[in-house]
Amino acid sequence: MIRFRHAALSYGLLSALVVPSAAAWSLQNAVPIAPVKPGVSGRVLVQWMPGEIRCNGVAVTGQPIRRPWNQLGWSGNETQRAVTLRFAIDPSGRPVSLTRETMAYVPLSEDVAPALAASRFAARSPQQDCSVTYVMRGSALMAADAQELMAYTVHPVSGPLPDEGWQRIREAAGDCLTNPQPQPLERHFPDFATIAATPGVQDWSMIRYDIDASGRTRGAALLAGTGNRALDGAALKAIRESRFTKGAKTGCLYPYWRVAAKLPAPDMPEAIRATKLAGNCPDEHGWAVPPQLRFPESYRRRSIEGWAVIGYDVAPWGQTGNLRVIAAQPSDEFGTQALGMIRDAKLPSSPQGYTGCVDRVRFKIAPEPAPNAGGEGGAPVPGS
């Protein structure tokens with residue numbers, strides 16, 4: 001067994017350390033990706049909508065079910081896409097043992113399973129045999145819902161939002177973008193250290209406000225967000241205290257966001273922790289080529305931790321083989337990631353090689369950075 005903590009190597013346990021409102025839609029609600037008008041970017045806003053959730057044949061309600069992050073796709077692909085996840089619910093109401101019904105690659109779906117992993121259900125007796133199908137919905141940027149576009153700009157995982165997307169957002173505002181545009185004289189921010197972050201969710205609050213002739217803000221109101229009431233209130237207060245250059249304006253927009261809190265991995269059962277396989281693998285071994293620590297990116301973005309237990313054999317020249325995932329939580333994607341890490345590693349050569357080796361891999365999130373130090377804040381709508 002081996003332990004990694006960032007780049008350090010010692011004998012023990014393998015750990016990867018990295019720095020760190022649900023809408024219910026059913027299959028018939030889905031629409032294909034829409035075509036866009038000539039002369040624009042050809043990009044579309046892609047949303048994944050969760051359908052009905054059932055456990056043991058009975059419908060259950062999330063509290064809440066997290067929507068996957070919006071992404072940008074391309075027009076012209078009118079194939080309706082869906083991803084079905086199977087999972088269990090532990091006594092705390094947390095989804096665990098997430099697996100895809102099919103391993104076929106589905107573009108732009110990498111946040112579907114992490115979003116479900118960040119969701120919650122009522123704490124009750126454990127539930128088994130649960131499933132939910134997420135369906136892709138596409139909208140041309142010029143016709144997309146402005147608030148959904150705002151959500152994308154908070155975590156633009158597919159790259160910058162094209163101009164027609166920003167124009168759609170500006171349509172939800174007033175004359176704040178007409179020249180001369182107001183310039184901030186005092187830009188206030190929430191005290192993020194006093195605002196509880198949501199595990200696995202990057203919260204955000206989009207504030208709409210006006211500016212009077214003297215440069216004071218008026219009529220600040222929450223336009224959209226993830227429902228973090230503390231952040232909403234602090235964002236409103238920050239806008240009300242901000243000051244701008246003189247000149248009355250209406251419909252200005254500004255978002256504030258809070259990094260996701262760490263969502264720890266489910267406990268590793270003692271029976272899994274003590275897993276032994278028949279063979280001649282020594283309890284202690286070093287590495288000629290250590291595993292390269294790679295955190296599953298889609299889970300890193302949401303600060304979701306996990307673990308996996310991997311079994312394997314070793315050839316006399318040190319190459320690992322016959323790899324299999326013994327267990328992984330909260331998703332089988334941690335098992336897939338750990339499998340690749342062990343596959344690329346090598347042990348020292350030996351006369352006969354080994355069979356029945358077992359390593360446990362923990363994927364750990366580093367401590368949260370200090371608030372206001374590049375971890376969270378706000379950013380104006382371009383041109384505002």
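## A guided tour, one selection at a time

Start by selecting E148 and R67: these two form a salt bridge (a side-chain nitrogen of Lys or Arg within 4 Å of a carboxyl oxygen of Asp or Glu), and their closest N and O atoms are 2.8 Å apart. E148 lies in helix α2 and R67 in the loop between β6 (58-60) and β7 (71-74), so the pair ties together parts that are 81 residues apart in sequence. Both E148 and R67 are buried, where buried means under 20% relative accessible area, exposed means over 50%, and partly exposed is in between (1.4 Å probe, protein chains only).

A quick word on what you're looking at. This is a predicted model, in which local features need pLDDT of at least 70 and side-chain atom pairs count only at pLDDT 80 or more, while totals for chains, interfaces and linings use all residues. Residues are numbered from 1 along each chain as its sequence is written, and side-chain values use heavy atoms, with hydrogens and water left out.

**Zoom out**

Now show the whole protein chain as a cartoon. You have seven helices and 19 strands to explore; helices (H or I, at least four residues) and strands (E, at least two) are DSSP runs, numbered from the N terminus. Of the 384 residues in the protein chain, 50% are buried. Switch on a surface, and about 17200 Å² is exposed, with carbon and sulfur atoms supplying 53% of it; areas like this come from the Shrake-Rupley method with a 1.4 Å probe, and for residues only the protein chains shown count as cover.

**Helix α2 and the loop after it**

Go back to α2 and colour its residues. How many of the nine residues of α2 are buried? Seven are, so you can call this helix mostly covered. Pick them out: A146, E148, L149, M150, A151, Y152 and V154. Around them, look for β4, β7, α3, β12 (203-211), β13 (217-225) and β15 (249-258), which the buried residues of α2 pack against.

Step along to H155, in the loop between α2 (146-154) and α3 (163-170). Is H155 buried or exposed? It's buried, with a relative accessible area of 10%. Besides its neighbours within four places in sequence, H155 is in contact (heavy atoms within 4.5 Å) with W69 and Q202.

**Strand β4**

Next, select V44 in strand β4 (residues 43-50). V44 is buried, at a relative accessible area of 0%. Add S75 and draw a distance between the two C-alpha atoms: V44 and S75 are 31 residues apart along the chain, with 6.0 Å between those atoms.

While you're here, select R43 and W74. The charged end of R43 sits over the ring of W74, 4.1 Å from its centre. To count, NZ of Lys or CZ of Arg has to be within 6 Å of the ring centre and within 35 degrees of the ring normal.

**The nonpolar cores**

A nonpolar core is a set of buried Ala, Val, Leu, Ile, Met, Phe, Trp, Tyr and Cys residues joined through side-chain atoms within 4.5 Å. The largest one here has 48 residues, and W48, L85, F87, Y134, I310 and Y312 have the most contacts inside it. Which element gives the most to this core? That's α7, with five residues. There's also a second, separate core of 18 residues, which includes A151, Y152, L161 and M206.

**Rings around α6 and α7**

Rings of Phe, Tyr and Trp (its six-membered ring) pair if their centres lie within 6.5 Å; planes under 30 degrees apart count as stacked, over 60 as edge-to-face and the rest as tilted. The whole structure has nine aromatic pairs. Select Y299 and F334 for a tilted one, 4.7 Å centre to centre with 50° between the planes. The pair links distant parts of the chain, with Y299 in helix α6 (residues 297-300) and F334 in helix α7 (residues 332-343), 35 residues apart. Y299 is buried at 0% relative accessibility, and F334 is buried with a relative accessible area of 0%. Add F295 and F363, and you have one aromatic cluster of F295, Y299, F334 and F363.

**More salt bridges to finish**

The structure holds 15 salt bridges. Try D344 and R294, whose closest N and O atoms are 3.5 Å apart. D344 is partly exposed, at a relative accessible area of 49%, and R294 is partly exposed at 33%. Then select R301 and E297, another salt bridge, at 3.6 Å between the closest N and O atoms. Last stop: K262, E305 and K364, joined into one network by salt bridges that share partners.
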